[in-house]
Amino acid sequence: MSTPVLDVRGLAFAYPDGHQALFGVDLHVHEGERVALLGPNGAGKTTLVLHLNGILGAASSGHGKGTVTVSGLPVEKQHLKEIRRRVGIVFQDPDDQLFLGTVRQDVAFGPANLGLRGAELDRRVMDALDRVGMADFVDRPPHHLSYGQRRRVAVATVLAMEPEVLVLDEPSSNLDPASRRELAEILRSLDVTVLMVTHDLPYALELCPRSVVLSEGVVVADRRTFDVLTDEQLMSAHRLELPWGFDPRRIDSLPG
Ligand SMILES: Nc1ncnc2c1ncn2[C@@H]1O[C@H](COP(=O)(O)OP(=O)(O)O)[C@@H](O)[C@H]1O
Ligand SMILES: [Mg+2]
């Protein structure tokens with residue numbers, strides 16, 4: 001089989017205060033897959049995500065073991081620049097990602113750091129904004145946009161790096177239904193490997209053929225999303241609940 005885009009092996013991690021969040025996580029994601037990462041609050045989902053581009057891990061002050069590699073490249077201090085180009089993380093709060101005066105500046109920030117300039121940089125920026133339907137807002141200040149629009153621009157800041165894998169932490173949280181649907185359409189249209197942390201189980205079912213359930217710092221299931229959502233014992237054991245009235249068996253078209 002091909003080298004996984006994301007290859008996490010035996011990953012354990014304790015925060016500097018001693019709180020252990022991960023206890024030996026294994027996760028492999030291959031090119032072109034869309035995988036949902038599910039689990040109750042405090043399961044360690046965000047902690048895992050922050051290891052994927054080295055925000056936590058070898059380079060941080062916590063204590064851990066295990067390895068993370070991205071298309072064969074280990075997440076280690078000397079590779080962090082390349083790792084951060086390969087792994088694009090969209091944080092839970094778009095305001096953690098947008099901090100400059102205009103949408104253009106925010107989206108250009110990453111690729112400019114890679115050394116792109118002029119027409120090539122412009123092309124990256126406009127291409128990324130096109131993919132999220134925000135090209136018309138390029139000269140607007142991010143803080144004048146709606147929350148849903150800011151989330152889309154946050155996705156564009158990451159796409160502008162042309163990452164190998166897009167990692168999203170709770171992409172549908174705080175979105176109104178129309179913005180949630182528009183973001184789903186955008187995510188479906190992207191030709192990129194996706195790992196998506198979510199509490200929104202219908203969203204996982206709609207977008208991700210495969211789901212991994214993390215609970216108390218370990219992977220407790222890694223199967224087809226449909227099979228996870230219809231396993232009542234697994235669901236209740238890990239505090240996963242479908243929205244009232246939602247029945248996965250009554251959805252007639254599921255992603256590949
Ligand atoms: N900076 C931190 N210092 C100490 N403990 C933390 C820190 N961040 C998170 N934790 C703890 O680690 C565990 C996993 O947290 P997190 O990865 O945020 O879970 P999730 O994203 O699944 O809700 C939780 O018990 C949380 O309280
Ligand atoms: Mg979290």
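**Exercise 1. Contacts of ligand 1**

Which backbone atom of Ala-43 lies 3.1 Å from ligand 1, and what kind of ligand atom does it face? Describe the shell around ligand 1 as well.

*Solution.*

Step 1. Note the status of the coordinates: this is a predicted model.

Step 2. Take Ala-43. A backbone N or O atom of Ala-43 faces an oxygen atom of ligand 1, at 3.1 Å.

Step 3. Add two side chains. His-19 places a polar side-chain atom 2.9 Å from a ligand oxygen. Thr-47 does likewise at 2.5 Å. Ligand 1 alone exposes 560 Å², and the protein buries 64% of that.

Step 4. List the shell. Ligand 1 is surrounded by Tyr-15, Asp-17, His-19, Ala-21, Pro-40, Asn-41, Gly-42, Ala-43, Gly-44, Lys-45, Thr-46 and Thr-47.

Step 5. Sort by class. Four shell residues are nonpolar, six are polar and two are charged.

Step 6. Assign the main contributor. Helix H1, residues 45-52, gives the most to the shell, with three residues.

**Exercise 2. Helix H1**

Determine whether H1 is enclosed or open, and say which of its residues are buried.

*Solution.*

Step 1. Apply the cut-off: buried means under 20% relative accessible area.

Step 2. Name the residues that pass. In H1 these are Lys-45, Thr-47, Leu-48, Val-49, Leu-50, His-51 and Leu-52.

Step 3. Conclude. Seven of the eight residues of H1 are buried, so the helix is largely enclosed by the rest of the structure.

Step 4. Look just past the helix. Gly-54 has a positive phi of about 80° there.

**Exercise 3. The open sheet**

In what order do the strands of the four-stranded open sheet stand, and which strands stand at its edges?

*Solution.*

Step 1. Start at E1, residues 6-14. Seven of its nine residues are buried, so E1 is largely enclosed by the rest of the structure.

Step 2. Pair E1 with E2, residues 20-29. The two run antiparallel, with seven bridges. Leu-6 has Val-29 as its bridge partner in E2. Ala-12 is bridged to Phe-23 in E2.

Step 3. Check the turn. Five residues lie between the strands of the E1-E2 hairpin, and Gly-18 takes a positive phi near 95°.

Step 4. Pair E1 with E4, residues 63-70. This pairing is antiparallel too, over seven bridges. Arg-9 stands opposite Thr-67 in E4.

Step 5. Write the order. It is E2-E1-E4-E5, with antiparallel pairing. E2 and E5 (73-74) stand at the edges with a single partner strand each, so one side of each has no neighbour in the sheet.

**Exercise 4. The E9-E10 hairpin**

How many bridges join E9 to E10, and which residue of their hairpin takes a positive phi?

*Solution.*

Step 1. Count the bridges. Six join E9 (residues 210-215) to E10 (residues 218-224), and the strands run antiparallel.

Step 2. Fix the register with one pair. Val-212 has Asp-222 as its bridge partner in E10.

Step 3. Find the turn residue. The hairpin has two residues between the strands, and Glu-216 takes a positive phi near 50°.

**Exercise 5. Aromatic pairs**

Find the aromatic pairs, give their geometry, and classify the accessibility of each ring residue.

*Solution.*

Step 1. Choose the descriptors. A pair of aromatic rings is described by the distance of the centres and the angle of the planes.

Step 2. Count. With ring centres within 6.5 Å as the criterion, there are two aromatic pairs.

Step 3. Take Phe-13 and Tyr-15. Their centres are 5.1 Å apart and the planes make 85°, an edge-to-face pair. Phe-13 is buried, at 1% relative accessible area. Tyr-15 is partly exposed, at 27%.

Step 4. Take Phe-99 and Phe-109. This pair is edge-to-face, at 5.4 Å centre to centre and 80° between the planes. Phe-99 sits in the loop between strand E6 (87-90) and helix H3 (103-113), Phe-109 in H3, and they are 10 residues apart.

Step 5. Classify the second pair. Phe-99 is exposed at 51% relative accessibility. Phe-109 is partly exposed at 39%.

**Exercise 6. Arg-140**

Where does Arg-140 lie, and is it buried or partly exposed?

*Solution.*

Step 1. Locate Arg-140. The residue is in the loop between helix H4 (118-131) and helix H5 (147-159).

Step 2. Classify it. Arg-140 has a relative accessible area of 36%, so it counts as partly exposed.

Step 3. Add a distance. The C-alpha atoms of Arg-140 and Gln-105 are separated by 9.9 Å, with the residues 35 apart along the chain.

Conventions. Residues numbered from 1 in each chain as written. Chains lettered and ligands numbered in written order. Predicted model: local features only at pLDDT ≥ 70, side-chain atom pairs only at ≥ 80, totals over all residues. Heavy atoms only, no water. Pairing = 2+ DSSP bridges. Near = heavy atom within 4 Å. Polar contact = N/O pair within 3.5 Å; in protein donor to acceptor, adjacent residues only side chain to side chain. Areas by Shrake-Rupley, 256 points an atom, 1.4 Å probe, with all protein chains shown as cover. Nonpolar A, V, L, I, M, F, W, Y, C, P; charged D, E, K, R; others polar. Phe/Tyr/Trp six-rings, centres within 6.5 Å; stacked < 30°, edge-to-face > 60°. Buried < 20%, exposed > 50% of the residue type's maximum accessible area, 1.4 Å probe, protein only.
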